[in-house]
Amino acid sequence: MSALAALIRRDLLVAWRVGGGALIGALFFLGIVVLMPFAVGPDLVLLKKIGPAILWIGAMLASLLTLDRLFAADLEDGSLDLIVMSRTPLELACLAKALAHWLATGIPLVLIAPVLALMLNLDGPAMLGVVLTLLAGTPALTLLGMIGAALAVTLRRGGLLLPILVLPLSIPTLIFGVIAANQAADGGSAFGAPFSILCALSLFGLVVGPFAAAASLRQGLD
Amino acid sequence: MRLSGSDLTCVRGGREVFASLDFAVTQGEALCVTGRNGAGKSSLLRIIAGLLAATAGTIRLDGGDAERTLPEQCHFLGYREALKPALSVRENLRFWQDFLGGGTGESCAGSLSAVGLERLSELPASYLSAGQRRRLALARLIAVTRPIWLLDEPTAALDADGQALLTGLMRRHLQAGGLIVAATHDPLDIPARELRLEP
């Protein structure tokens, strides 16, 4: 098996075993969305209007929750040292870790989003819009968040710093994700442009994320 | 093959750990780095492994694989064993074998039985004792072939059997033309040069 496939497989196994991040992220997402109607009140019209935004905020916070362990776990058990020393370029190793994180925590968010959308009184098109935008936008959350995760591990005890670092980076993704999802709910005439920008943000993260994270890890390990 | 360092200086957190350090170790030889706590033993190993930048000085490897960097030719066994508690003993070793690759080491099962863990291969690593975790880390040394071994306190947590096992592994590695740099408090039962770090 190639080195990268082995790394992806290991991270997926760890995420799915007891105490791993996959289920935690999805449950946290569920928690946020369930809490929202209690805070807003049982106003179905209002919930339908702000539903896509609630789902996006929930997905963003849930992905942030699990990003914290992306490099911290490998740093604590010493794996990161061996990964940095290995023949696999660190950029590719970071990309593989991001892919595993997205598969383990991003995809479950996309899959449970339709169920949660029902709880927020979203109809078919709106539900489809949220699922599509989450599918296109969660890679950006993971890839840009990875930069923050790498910076946070190189500053000792940086765990609490991670949300502060990552939230500003996530703003563009959130803006275009919610705009596209709302457009889909309103009939979809202006869905294309924000959705394209959302895809572009994910591609931007794909290019920048691994290099920035690897550079941060190389500088900061000691 | 010859690994040498010249005029190495390491400053950490504004404190000079060691300065103007020279060492050399050749194929089939072991270098035993000794010194008090905080004398810079681990820092020296991490500098050789490329995990820490030396403040001054250079590390050279002559006669190694020209297509590989020095860290790529090293095994690094630190005080953390690089094990995932959620994975089984075999899965942990298998991962490092697949990820580090590039060498023709022992098979996964062969390495585990060499360190006496063959009966625990399906046990999650979280249930291992400190000594058993060490043994699993030692299995990595033989499952993947690397010419240079950097061992940081390799005897820590090992029982008498485990220490004998480690000695056997190190002797075999040296006879096969390998090279070892070990930081240790306990004397290792192999012929070794000593490099004493004075604070």
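**Exercise 1. Work out the order of helices and strands in chain B, from the N terminus on.**

Start with the run itself: β-β-β-α-β-β-α-α-α-β-α-β-β. Next, take the tally, which is five helices and eight strands for chain B. Both kinds of element are DSSP runs numbered from the N terminus: helices are H or I with at least four residues, strands are E with at least two.

A quick word on ground rules: this is a predicted model, where local features need pLDDT of at least 70 and side-chain atom pairs count only at pLDDT 80 or more, while totals for chains, interfaces and linings use all residues. Residues are numbered from 1 along each chain as its sequence is written, and chains are lettered from A and ligands numbered from 1 in the order in which they are written.

**Exercise 2. Check chain B against the radius of gyration of a compact globule.**

The rule is 2.2 Å times the number of residues to the power 0.38, with the radius taken over C-alpha atoms. Put in 199 residues and you get a value near 16 Å; chain B has 17 Å, so the two agree. For the outline, the C-alpha trace spans about 50 × 35 × 30 Å along the principal axes of chain B.

**Exercise 3. Describe how H4(B) packs on H5(B).**

Step one, geometry: the axes of H4 (residues 130-143) and H5 (residues 160-175) of chain B come within 11 Å and cross at roughly 10°. Here axes are lines fitted to C-alpha atoms over the stretch in contact, and angles run from 0 to 180 degrees between N-to-C directions. That makes H4(B) roughly parallel to H5(B), a label for angles under 35 degrees (over 145 is roughly antiparallel, 65 to 115 roughly perpendicular, the rest oblique).

Step two, residues: H4(B) brings Gly131(B), Arg134(B), Arg135(B), Leu138(B), Leu141(B) and Ile142(B), and H5(B) brings Gly162(B), Leu166(B) and Leu169(B). Contact requires C-beta atoms, placed from the backbone, to lie within 7 Å.

**Exercise 4. Find what chain B offers to chain A.**

The contact takes 23 residues from chain B and 22 from chain A. On the chain B side, strand S5 (74-77) and helix H2 (89-100) are the elements that give two or more residues. H2(B) gives the most, with five.

**Exercise 5. Sketch the fold of chain A.**

Chain A has nine helices and zero strands. With 222 residues, a compact globule would have a radius of gyration near 17 Å, and chain A's 18 Å agrees. Its C-alpha trace spans about 55 × 35 × 35 Å along the principal axes.

Technical notes. Contact = placed C-beta atoms within 7 Å.
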